[in-house]
Amino acid sequence: MPRSDNLTGALLMMGSMAAFTFNDAMIKGLSGHVPLFQAMFLRGVLTTVLVAVIAWRMGALARRLPRADWGPVFWRMVGEVGSAYFFISALFNMPIANISAIMQALPLTITLAAALFFRDPVGWKRMAAILAGFIGVMLIVRPGTEGFNVYSVYGLAAVAFVTLRDLSTRRLSRDVPSMLVTLITSCAIMVFFGLASLTDTWVPMDGRATALISGAAVMVIGGYLCSIMVMRVGEISFIAPFRYTSLLWALILGWVVFGDWPQMITLVGAAIVVGSGLFTLYREARISRRAREAQRKQLSLGPRPR
């Protein structure tokens, strides 16, 4: 039987989340062996080269970035660089499942930020879900307890910078090629971590470290490609919830590779965050569906006679 567009989109979303989480696990495997800035710069070089080849093959390099999109692209770069620094710093010093659980708050923070800065309408039900999600995040980071440290704050900062990145992406023109924006962002990350690595002492790379960095670059590219393709098939309301499969991968990899398993209160907090995010996505999809139906009904009625 032919696969439906929704199933294809769901598989692509799960593939994207798996690729990004495997990338995280490979980068975390370098902790204590390769300095953070060195590791991220080397991965940035490989990623930028691969993205440039793909962008060239897709014809994205022949396109010019409209002047109106310079601002959103700049702030998107700021968000990407900031989130990479804070996320990887936290990843080097926290269990992968814990930092992944914190990042699941993104749909909530994006909805809240869009309401605050873009005046997007948000009803009381979604606001209640956002509040519940933030309570779940507090259960994960647990401020004031022995397990709370600066890297928990780094995880929250990563969420804030990814929110900035995604809101800036929303402001881009529809005709801007995704791979061109990805290439610009990849170059920014490479340059930032390259300059930052000059403040560190570089260490020799053995075969294991080289394989992990190379594998991380490949996984990042795979995640990018799947995330781009997923926007072109199926209904986003059906596909979006499958982004939470990244938490399942983080739990599995954290347990199998690093021997970490979150405390019960962390799992409860993660469940609250995921549940709140799913409800928010459901409400947004329902509101969008009503708006489309109302528009379709208005068009079907045609212009009023004069």
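Helix 4 spans residues 96-103 in this predicted model. Eight of its eight residues are buried, so helix 4 is largely enclosed by the rest of the structure. The buried residues are I96, A97, N98, I99, S100, A101, I102 and M103. N98 and S100 are thus listed as buried alongside I96 and I99.

Charged residues were examined next. A search of the whole structure finds three salt bridges. Together they link R76, E80, R165 and D166 in a network. One bridge joins the side chains of R76 and E80, with an N to O distance of 3.7 Å. Both residues lie in helix 3, which covers residues 70-93. R76 and E80 are four residues apart, about one turn of the helix. An α-helix has 3.6 residues a turn, so residues three or four places apart point the same way. Both R76 and E80 are buried.

E80 also takes part in a second bridge. Its side chain meets that of R165, at 3.5 Å from N to O. This pair links distant parts of the chain. E80 sits in helix 3, while R165 sits in helix 7, residues 150-170. The two are 85 residues apart. E80 and R165 are both buried. For R165, the relative accessible area is 19%. The cut-off for a buried residue is under 20%, so R165 falls on the buried side.

The third bridge pairs R165 with D166. Here the closest N and O atoms are 2.9 Å apart. D166 has a relative accessible area of 22%, and is therefore partly exposed. R165, by contrast, is buried. The network thus includes a partly exposed residue, D166, as well as the buried residues R76 and E80.

A polar site appears in helix 2, residues 36-57, where T48 lies. T48 is buried, because its relative accessible area is 8%. Two partners are found for its side chain. One is the backbone oxygen of G44, which the side chain of T48 reaches at 2.7 Å. The other is the side chain of S186, with which T48 makes a polar contact at 2.8 Å. The T48 side chain therefore has a backbone partner in G44 and a side-chain partner in S186.

Attention now turns to the surface. K125, R286, R289 and R290 gather there in a patch of positive charge. Helix 12, residues 264-301, supplies the largest share of this patch, with three residues. R290 has its place in helix 12. Its relative accessibility is 47%, so R290 counts as partly exposed.

A second surface patch is nonpolar. It is formed by W249, I252, W255, V256, V257 and W261. Together these residues have about 670 Å² of accessible area. Among them, W249 has its place in helix 11, residues 245-256. W249 counts as partly exposed, because its relative accessibility is 32%.

Other residues of helix 11 were also examined. L248 is found in this helix. It is exposed, because its relative accessible area is 52% and the cut-off for exposed is over 50%. A250 lies in helix 11 too. Its relative accessible area is 0%, so A250 is buried. Helix 11 thus holds an exposed residue, L248, a partly exposed one, W249, and a buried one, A250.

Several separations in space were also computed. L248 and F20 are 228 residues apart in sequence. Their C-alpha atoms are 12 Å apart in space. A250 and A105 are 145 residues apart in sequence, with 15 Å between their C-alpha atoms. D24 and L253 are 229 residues apart along the chain. Their C-alpha atoms are separated by 9.8 Å. D24 is found in helix 1, residues 5-28. It is buried, because its relative accessible area is 14%.

How values were computed: Residues are numbered from 1 along each chain as its sequence is written. This is a predicted model: local features need pLDDT of at least 70, side-chain atom pairs count only at pLDDT 80 or more; totals for chains, interfaces and linings use all residues. Side-chain values use heavy atoms; hydrogens and water are left out. Patches are made of residues with over 30% relative accessible area and no salt bridge: like charges are joined within 9 Å, nonpolar side chains (Val, Leu, Ile, Met, Phe, Trp, Tyr) within 5 Å. Accessible areas come from the Shrake-Rupley method with a 1.4 Å probe; for residues, only the protein chains shown count as cover. A salt bridge is a side-chain nitrogen of Lys or Arg within 4 Å of a carboxyl oxygen of Asp or Glu. Lys and Arg count as positive and Asp and Glu as negative; His and the chain ends are not counted. The place of a charge is taken as NZ of Lys, CZ of Arg, CG of Asp or CD of Glu. Buried means under 20% relative accessible area, exposed over 50%, partly exposed in between (1.4 Å probe, protein chains only). A polar contact is a pair of N or O atoms within 3.5 Å; within protein, one must be able to donate a hydrogen and the other to accept it, and residues adjacent in sequence count only if both atoms are side-chain atoms.
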